[in-house]
2 protein chains.
Amino acid sequence: MSGQEAGDIEEAADREGQSMRDEALGAAASLGEFVAGSAWEDIPPELRHAAKRSILNHLGCALGVARDPAVTAALRVMQGCAGAPVATVVGQGVKLDPMSAAFVNAVASNLLDYDDTHLDTVIHPAAPVVPAVLALAEQRGLSGAAVLHAFLLGGEVECRIGNAVSPGHYARGWHITSTCGAFGAAAAAARLLGLDAAQAGHAIGIAASQAAGIVENLPTAAKNVGVGNAARLGMLAALFAEQGYQAAPLAIEGPLGWARATGDDADLGAILGELGLRWEIGRNTFKPYPAGIVFHAVIDACLQLAVELGVAPEAIAQVTVAGDALLLTRGDRVVRNARDARVSIHHSAALGFVRGRAGVADFEAAAVQDPALAAFRAKVVAVEDPGLPRGAARVRVLLLDGQEAEALVIDPRGSAGQPLTDAELEAKFRDNAALGGFEEQATAQIAAVWALEEAPDVRELMRLLA
Amino acid sequence: MSGQEAGDIEEAADREGQSMRDEALGAAASLGEFVAGSAWEDIPPELRHAAKRSILNHLGCALGVARDPAVTAALRVMQGCAGAPVATVVGQGVKLDPMSAAFVNAVASNLLDYDDTHLDTVIHPAAPVVPAVLALAEQRGLSGAAVLHAFLLGGEVECRIGNAVSPGHYARGWHITSTCGAFGAAAAAARLLGLDAAQAGHAIGIAASQAAGIVENLPTAAKNVGVGNAARLGMLAALFAEQGYQAAPLAIEGPLGWARATGDDADLGAILGELGLRWEIGRNTFKPYPAGIVFHAVIDACLQLAVELGVAPEAIAQVTVAGDALLLTRGDRVVRNARDARVSIHHSAALGFVRGRAGVADFEAAAVQDPALAAFRAKVVAVEDPGLPRGAARVRVLLLDGQEAEALVIDPRGSAGQPLTDAELEAKFRDNAALGGFEEQATAQIAAVWALEEAPDVRELMRLLA
């Protein structure tokens, strides 16, 4: 916009009391300075690599569900109102306008909750941020480095604001990936649009008027709408800030601001402390199994015992799984459908011994009804062991011949203590790509993500994802 | 969508635990039955007429600010991603896709808070709902009666959900027009799309994952983004419900649902009591002055005294305005800019005596700096009178010659006790139309709104508003 027009909006804003002048610098403005002022040269190599890992994991999850009716329905809705097709919808062979494409890609990548986890907040950081970044970058022909940098900045803002209101925010009913995701997408989009510090702060403050999404709706497709909106509306916030729209200086932490309205006093130290020095987004982790994260230790222990024992499932008399109260509360249940299977101690253990794997298909309806798995689930007993840390599991096996064996897993695969290796992330990507029907493209897609830092134009990657 | 596809999504939903089956009927589903089942023949004539009044007032407000930079900036942002141009943007000479047009029209109609008020909730009911209704109806060539009916149903859902969480919701920092507006737009759009009762319930439940907007941002343009989103995202909720997306049965009132997440236990009686018998939207009121609603009694009393006394402002020595504590807290202030003027006892009184009117221009920067108004503001004294009801004012005038006069206004013009007549609403519309540069079209536009009930296609009206 022209300087004259910006002046006009400011005047109109002032007429309506829409001015930020003479106010102290709030959290949004401080984050805006961080987002606009960060230099790519200052981002350490391990963080750059972490960004590629997040994006690789994110794209695999989206490819895996490309044929899911929830994703194709989202695509149909967006096609009904989408603008110029300049941004790729992953795995769909079509483009939409950037906001619409970001919506569908966010829905897809998070659909099975198989994506990534920032454990302190239980935010899935990539789902709202990466789609906004890729869509804008594709539209404008920006570089891979710009994409990685914008993702890191957006993910950082997202996780820090999440920290500032955790654990009350989620516990009170806010779907934190959707709510904090809007801030992250706004910050990332602000960076890609080249907004100055003040505009970037306004983009983040405008997101405070758009952050929504409730836990009650998590078992339904309404959840996916919330996640898609986070990506789309975050981008919208930045586009409005670019056109001169402003937000209140204390939009996040003010007396009638977002944090208090949602029930928390924002912990400003969590938002602003050591900004640019300590990176929350560097703590992002990736799930090896599409199941609740507390069941990962159960799966790992059973996979390990199955290999050690080398016996047929029929040779096993009983499996006793011990864990803390949360594991038992969530996971000791009758398994009637896929939803139950994803949060079942019994199904997790059965997969380890009967199938020796725990992929997407192993939790779906056909697996639930598999007689071998059903028979094995009946052999599994869950017991509480208050001495075990959260997320750990001890599994004891009794064979029909009287032999016994035991395995203890404290840090399951994929946790911060035992992160997936690059090779494991690649394998997960290939599995997902195969599920969606893209196995032939997987090698090139993986290579393009690893090479993002040197890519002069992100459109090369997007072409491979179409 | 085909039955097969709906079945697929339901199966996918079930796989993910996204089923509503076997659950009790919640508030959203009950509202869905109301919205889908309401018959136009059962809507009494006075309510039909009330709907026309709301729409007339709403459209006038949007026309009045058609050249405001906040509106033209919103149009620019939306043009950057808008789809097929099938829905008119009021007063802009362009069309956008329905969601984008609804966004801009909602922003415009509410920009000056000069639109309508449901006093119990302080919701501006029309801003989020009418734009969604008109955009969808124009796209599909629906009748004027369908528009009126959908507005009434959407406005009813919006105000009832607002009642269920008032007054805590707004007091805690939620901009209730934006949050509850999303429910209203979803309900209205569901009706226009012809969704069945279950789908309409899901649309309203999906809105629970989209409702956002905070009071802290009200003095900024971020507020307008929230209002625009309410219209756009409400429509989106209905489009997703049409494609088979579902919401949780207790999305509104559940333990981790929208009401509790925002801090309230929803009053279900307020949502569902006498549904279809008692109409909250019938209590919508219209502002005669673009100022805070508690200042309307001050303006009325001063206008009345100015006529009675018939003297020049210079003949007045002092004006004493008495009101309750709220009036004084909000309005006894130094006037430095338009924001102050809109909530100033002193400026309100000065307008009554100096200008004999209180229109949009009389609160803008030029009026604030008008020496005659500034001099008169210095003669005004505010005093508390705890005996006066909220919204009332007693004004006492002392002339230089010692003469005294007094006026008491309990129910100001535009309040429920003294609603604007149709003629006054028409005059307000003409004033607004003139401000936006549309005086020549005003007569035809007014006639088209009054004739909506018989209009076979709403496109006639929309053509006049282009």
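**Tour: the two copies, then a sheet in chain A**

Start with both chains shown: a turn of 180° and a shift of 0.0 Å along the axis lay chain B on chain A with an RMSD of 0.0 Å (copies are superposed by least squares on the C-alpha atoms of residues with pLDDT of at least 70 in both). The two copies are thus related as by a two-fold rotation axis. Select B:Gly83 next: in chain B, its C-alpha is the nearest to the axis, at 1.9 Å. Of the contact residues of chain B, 99% recur in chain A, so the same surface serves both copies (contact means heavy atoms within 4.5 Å).

This is a predicted model, in which local features need pLDDT of at least 70, side-chain atom pairs count only at pLDDT 80 or more, and totals for chains, interfaces and linings use all residues. Residues are numbered from 1 along each chain as its sequence is written, chains are lettered from A and ligands numbered from 1 in the order in which they are written, and side-chain values use heavy atoms, with hydrogens and water left out.

Now hide chain B and look at the open sheet of chain A, where four strands lie in the order 6-5-7-8 with mixed pairing. Helices (H or I, at least four residues) and strands (E, at least two) are DSSP runs, numbered from the N terminus; two strands pair if DSSP finds at least two bridges between them. Select 380-384 (strand 6) and 404-409 (strand 8) of chain A: these edge strands have a single partner strand each, so one side of each lacks a neighbour in the sheet.

Next select residues 393-399, strand 7 of chain A, which runs antiparallel to strand 8 of chain A and is joined to it by six bridges. One pair to label is A:Val397 with its bridge partner in strand 8, A:Ala405.

Finish with residues 296-309, helix 14 of chain A, which packs on the sheet and touches strand 5 (316-323), strand 7 and strand 8 of chain A. The direction of helix 14 makes about 140° with that of strand 8 of chain A (axes are lines fitted to C-alpha atoms, for helices over the stretch in contact, and angles run from 0 to 180 degrees between N-to-C directions).
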